[in-house]
Structure formats: C-alpha cells, structure tokens
Amino acid sequence: MLDLKFIRKNLDVVREALTRRRAKVDVDAFSVLDERRRELITETEALKAERNTVSKDVGLRKKAGEDAADLVARMGEVGERIKALDEELRLVDEQVNDWLVSVPNIPHSSVQDGRDDSDNAEVFRWGKAPEFDFDPKEHWELGTALGGLDFERGAKLAGSRFVVYRGWAARLERALASFMLDVQTTEHGYLEIMPPVIVNRETMTATGQLPKFEADLFKLEGTDYYLIPTAEVPVTNLHRDETLPEDDLPLKYTAWTPCFRSEAGSYGKDTKGLIRMHQFQKVEMVRFEKPENSYAALEEMREHAETILKRLGLHYRVVNLCTGDLGFSATKTYDLEVWLPGQDKFREISSCSNCEDFQARRGGIRFKRKGEKKTELVHTLNGSGLAVGRTLVAVLENYQQADGSVVIPEALRPYMGGLEILTPE
RNA sequence: GGAGAGGUAGCGAAGUCCGGCCGUAACGCGCUCGACUCGAAAUCGAGUUAUGGGUUCAUAGCCCAUACGUGGGUUCGAAUCCCACCCUCUCCGCCA
C-alpha cells in the first residue's frame, strides 16, 4: 500500500509508475474520493468537538441541580447528524481503502521498462553450462527412472501437479533444505523460523496476496484460513502491528516451509515434472531493514541466495525484472535463473525483492530511532534461498551421466550419508 | 467441545458494581535526560502511547478527533450498562 499523503502530493509520479507497470488504475477516482473523505472528517470532527464540550456542561449543570434539557435536545440533533456523517465517511473510507490496496508498489529507478519476462535485463552469469557427449534428459525422466519421483501416485493421492518423493529423492529434498538452512543460519546470520503454514485473512492482506490474488491461493472451506503460497507471508507478518526498537534492526529470518499455490491461469504450462506444483518446499529469507539500508540489503540477500547455487556448482544468471514483470508488492526484484540442460534453458529458482515500506504500511510494521519521537515504517525484503524442488531438478539435470546415474554434488554428500552417486537398479 | 477467570501504555496493574475533568490513564517496574558522585549503585527531580484531520517548508510546534480485545447498541455523554464475536489463562474431555 502506498502512502495516502504521498499519492495526494505526487499524483503524476503515481500515474507514471502505474503506466510503467502496465497497471490499469484510475488515479482521478482517487482524488475525488480523497477530497470527499477529508471534507467529511473535518465536518464530523467539528461536531464531535462541540458534543464533547456541551456534554461536559450537561454533567456540570446536573451536578449543580440545574436544568439541562435544552442542551440535551440540541445534542440529540447533533448526535443524529454525526451518525449520518460517520456512516457516509465509513463508505468513503472503504472506497479509498479498496482503491489503495489494489494499487501496486512503485518500481525503483534502476528497474527498466518492459512488458513481460522477455524484457527482463540480464545482470550477469555465473559458471558454465555443463557439456554432455550425450543428449541430456529432463529431470522427470531421470527421477522416475531412478525410482525417486512418482508422479502417477501423486496424481492418485491428490491430483495433477502433486508428486510423491521416494527414497533417495525424499532424502535429497531434505538434504537440500538442511544445507540451505545451515548456510543461511550459520554463515549469513539468519534466524530459523518454523511458522504456521495456515494463516488468516489479515496476514494474507498485509503481504499483498489479498484481496487481489485470492484465486492463486488455497482456502480452507468454511473458515478464514488460507494455505501459505510462500513463507514470506507468515514470516513478514511476525512483526505485524509492532514498533521495533532501532537496535533490533536489521532482523534476518529464514524459514523452510511447504508452499501451496493453486496455479490458476497456468493451464498447460510446465505440466510435466516438478517445476510447477500445487505443493512444494522453499527455504525463504525475510529481512526487516531501516530504509537507508534496504537496497544494500537486497544485494546482500541476493548474494546469500547465490551462495547456495555456487556451492552446488550450478550455472545460473541473475536478471533484474522489468516493470511489467515485477510482483505486486515489490519495487525491485532480482530473479536467479538456474541452467537446466534437459530443458536447454534458464529457469527461475529464486526471487529476491525489496518491498520498501509497502508491506510495512499494510501491516503496521514500524521502528523507532533512538531519541526520536516519531515512528517510521521499516522496509521489508524477501528472497528464496532457494526453491527446494527446483534445486533438486537442477541437481538431477546438471549432474546426470550417460548411463542415467546422477552424481551428488560435494556440498550435499554430508547430508546424504556420504552417498556420491545415484544409480539405476 | 464443556465450565470458570481475564484482555486498560514497553511490562505489571488500579479504575468497571453506582456512566460525567480517568486516557498527555492512579500506583509500581522499565527506559530517557538531569542532580548528587572520581565513577557507579542507591537516592532525588523531570520526561516517556499511537493513528487520523487541520495549520505548516517540516515526518518541528500547536489545535482538534479517535482508540480501554474486536464489532454493534443504549445515552446529551460509555473503560464503566446491553448484545455478538475473537484471543489468553485454569480445570475437565479428546488428542500427536
């Protein structure tokens, strides 16, 4: 959510930002509502001030044994008027709020204009694509042949876009998650969190999933509960409606959770394999930063995500998402795309975003500087470190051998009981 | 799920029966500043909620409004009376 006062004073900036994002929002409608809102506030507050003083007089007169019927009668009318105006204000407030929560964040100046992911800017590449003297297979072939991935039974148990991990695959998934968590907690100073993976409407609203993107979520029927699409949601909400002491910042959290996405509107995309599941696991990083530090923090967090890919020896590239591809809450996002030889392309494996104060404003996440009276909104950031299922995909495809076996990257071996290679029976 | 108790500032807690200078909210703790001290402790003094609107260059000051778990209701006036809901704690039941 953007700041009301900021929008009021910078209508052109907002209009331009929304155009860059290809977002269709009526800025003029806001001006009309905002003006009416302030008129109503001024009017009702004046009446309330009158009522407060006169009501005190009533009390004093009664105490003195005097008659106050005239004042009571007059305030009765004022009360009616206040009631009517309050009701109108409530409606206008609601409209202003509906408008505000549907407006995406303003892109950072370093984000380039563009329509969709084809306009994203490649920042750099790391490593080299492995070379094969045979035709590299896609991960579902490898994983199924090695007996680790069972898509048929996943479909039987739940439906399409669900999978069953068996044996080495289950262990490899767990190994990857442990490895990622260990790196982020012991080397990069993140505090590990295990949050609820079911949250309420308020929580989903603060991080920006609701009200606009309800269709992307799984909701538990007959309740106010939603399954989280990412740990960003519960972890960012950890400090909702809190004012943090300056010394607590920055706060750095990491969480390994299942994530649930309905994938509405992605029919026909990535129907095979692990790339696009209704349920998958992710290790997420979330940071609460002072405004002046948030962009440096974004670079640092991106590097923390990259560390995992480097240690696994996976070729990847970093892209700076263009305005049209940016998420709703983000001002700037780096995607890490890992090389998949089986698919012969780069695929997203991490997304690191700065949301500045957009989520903090929705969620009331503040901090107070030492010696200052006023509170300020923190900046929130989140990044995958990494998507675990997709990392397993990358390991399979990049470390495959001609005979269908897969070498376990060095960094994972301690987590796999020393296992060095996965071989077909 | 059943019974009971409770939700007031950063924390603890008074006020609720009997509505009215009790919300810049008693009292205690913590925190900040100052005094005392070589320094510290102790002691003494002062300060210490947030949001919205107006004014303003100002997110400085000042004025006003709102908020006593949340949402309604009664009333000239609600922390206080009435209704619904949420959460926490204790006991019981169930349970990994």
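A visitor asks a guide about a predicted model of chain A with RNA strand B.

Visitor: What are the ground rules for the numbering and the values?

Guide: Residues are numbered from 1 along each chain as written, and chains are lettered from A and ligands numbered from 1 in the order written. In this predicted model, local features need pLDDT of at least 70, side-chain atom pairs count only at pLDDT 80 or more, and totals for chains, interfaces and linings use all residues, while side-chain values use heavy atoms and leave out hydrogens and water.

Visitor: What makes a residue count as near RNA strand B, and how many surround the strand?

Guide: One of its heavy atoms must lie within 4 Å of the strand. 26 residues surround RNA strand B. The closest are Lys-5, Glu-45, Ser-55, Lys-368 and Thr-375.

Visitor: Which helix supplies the largest share of that surface?

Guide: α3 does, with 13 residues. Helices are DSSP runs of H or I, at least four residues; strands are runs of E, at least two; both are numbered from the N terminus. α3 spans 27-63. α1 (4-9), α4 (69-101) and β14 (365-368) also supply at least two residues each.

Visitor: Which parts of RNA strand B lie within 4 Å of the protein?

Guide: Of those atoms, 74% belong to sugar or phosphate. The rest belong to bases.

Visitor: What makes the pair at Asn-52 a polar contact?

Guide: The test is a pair of N or O atoms within 3.5 Å; within protein, one must be able to donate a hydrogen and the other to accept it, and residues adjacent in sequence count only if both atoms are side-chain atoms. A polar side-chain atom of Asn-52 lies 3.2 Å from a phosphate oxygen of RNA strand B. That meets the cut-off. A backbone N or O atom of Ser-55 lies 2.6 Å from a base nitrogen of the strand. For Lys-62, a side-chain N or O atom is 3.2 Å from a base nitrogen.

Visitor: How do you know that the length of α4 agrees with its residue count?

Guide: The expected span is 1.5 Å times one less than the number of residues. For the 33 residues of α4 that gives 48 Å, and the end C-alpha atoms are 47 Å apart, so the two agree.

Visitor: Why is Leu-191 called exposed?

Guide: Buried means under 20% relative accessible area, exposed over 50%, partly exposed in between, with a 1.4 Å probe and protein chains only. Leu-191 has 52% relative accessibility, so it counts as exposed. Leu-191 is found in strand β4 (residues 191-193).
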